[in-house]
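Me: I would like to go through this model and ask for the grounds behind each label.

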Amino acid sequence: MRIIAAIDLDASDHPWLVTRAGRLASLIGGHLDLLHVIKPEGDEAVGSLRQLMALYQRVPENHRGVPLIVGGDVADVLVAESANYDTVVVGPREPGPIERALYGTIATRVMQKAQCPVHIARGDTLIADREPRLLCGVCR
């Protein structure tokens, strides 16, 4: 299985999301790609690649995919990339009030338009004393 996780390197709290996505990859036997989206006019790709490579240390080695740095809008890039993956992992990061009022949260936009299941990771605490578990709901 192929998993992609969106990482905002501008936020200071992204390591927990990489750890959580890495645990998901281990649980389902998948490979995790990390994606960072930069502004098209930005020139930060080299520094971002170094940061992504450092974050890969949190992912079990046999579940590491590739780091991706793409220019564009985060939600649009994730929706486009979702066609190539089995699962998308996003965090609960909130946009500013104006962007949220106009477009909604990134997680909501991705969830509504993605071509694969979307896992929205919540919180930064990991339960270390038990194996990860997934809950799936089935509607008839």
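Me: What makes Asp-73 and Arg-109 a salt bridge?

Reply: This is a predicted model, and in it the closest N and O atoms of Asp-73 and Arg-109 are 3.9 Å apart. The cut-off is 4 Å between a side-chain nitrogen of Lys or Arg and a carboxyl oxygen of Asp or Glu, so the pair counts. Asp-73 belongs to the loop between strand 3 (64-71) and helix 3 (74-81), while Arg-109 is in helix 5 (residues 106-113), so the bridge ties together parts 36 residues apart in sequence.

Me: Why is Arg-109 called buried, and why is Asp-73 called partly exposed?

Reply: Buried means under 20% relative accessible area and exposed means over 50%. Arg-109 has 14% and therefore counts as buried. Asp-73 has 32%, which falls between the two limits, so it is partly exposed.

Me: How many salt bridges does the structure hold?

Reply: There are two. The other one joins the side chains of Asp-33 and Arg-2, at 3.3 Å from N to O. This pair links distant parts of the chain: Asp-33 is in strand 2 (residues 31-38) and Arg-2 is in strand 1, 31 residues apart. Asp-33 is buried because its relative accessible area is 5%, under the 20% limit. Arg-2, at 38%, is partly exposed.

Me: How do you know that the charged end of Arg-2 sits over the ring of Tyr-85?

Reply: The distance to the ring centre is 4.3 Å. The limit for CZ of Arg is 6 Å, with an added condition on the angle to the ring normal, and the pair is listed as sitting over the ring, so both conditions are met.

Me: Which residues touch the most other members of the largest nonpolar core?

Reply: They are Ala-5, Ile-7, Leu-32, Leu-34 and Val-89, out of 18 residues. Helix 1 supplies the largest share, six residues. Beyond its neighbours within four places in sequence, Val-89 is in contact with several residues, including Ile-3, Ala-5, Leu-17 and His-119. A second, separate core has 15 residues, among them Leu-78 and Val-110.

Me: What is the mean pLDDT of the protein, and which element has the lowest mean?

Reply: The mean for the protein is 81, and 72% of its residues reach 70 or more. Helix 4 (residues 97-103) has the lowest mean among the elements, 65, and strand 1 (residues 2-6) the highest, 93. Where pLDDT is low, the predicted coordinates should not be read in detail.

Conventions: Residues are numbered from 1 along each chain as its sequence is written. This is a predicted model: local features need pLDDT of at least 70, side-chain atom pairs count only at pLDDT 80 or more; totals for chains, interfaces and linings use all residues. Side-chain values use heavy atoms; hydrogens and water are left out. A charge sits over a ring if NZ of Lys or CZ of Arg is within 6 Å of the ring centre and within 35 degrees of the ring normal. pLDDT is the predictor's confidence in each residue, from 0 to 100. Helices (H or I, at least four residues) and strands (E, at least two) are DSSP runs, numbered from the N terminus. Buried means under 20% relative accessible area, exposed over 50%, partly exposed in between (1.4 Å probe, protein chains only). A nonpolar core is a set of buried Ala, Val, Leu, Ile, Met, Phe, Trp, Tyr and Cys residues joined through side-chain atoms within 4.5 Å. Contact means heavy atoms within 4.5 Å.
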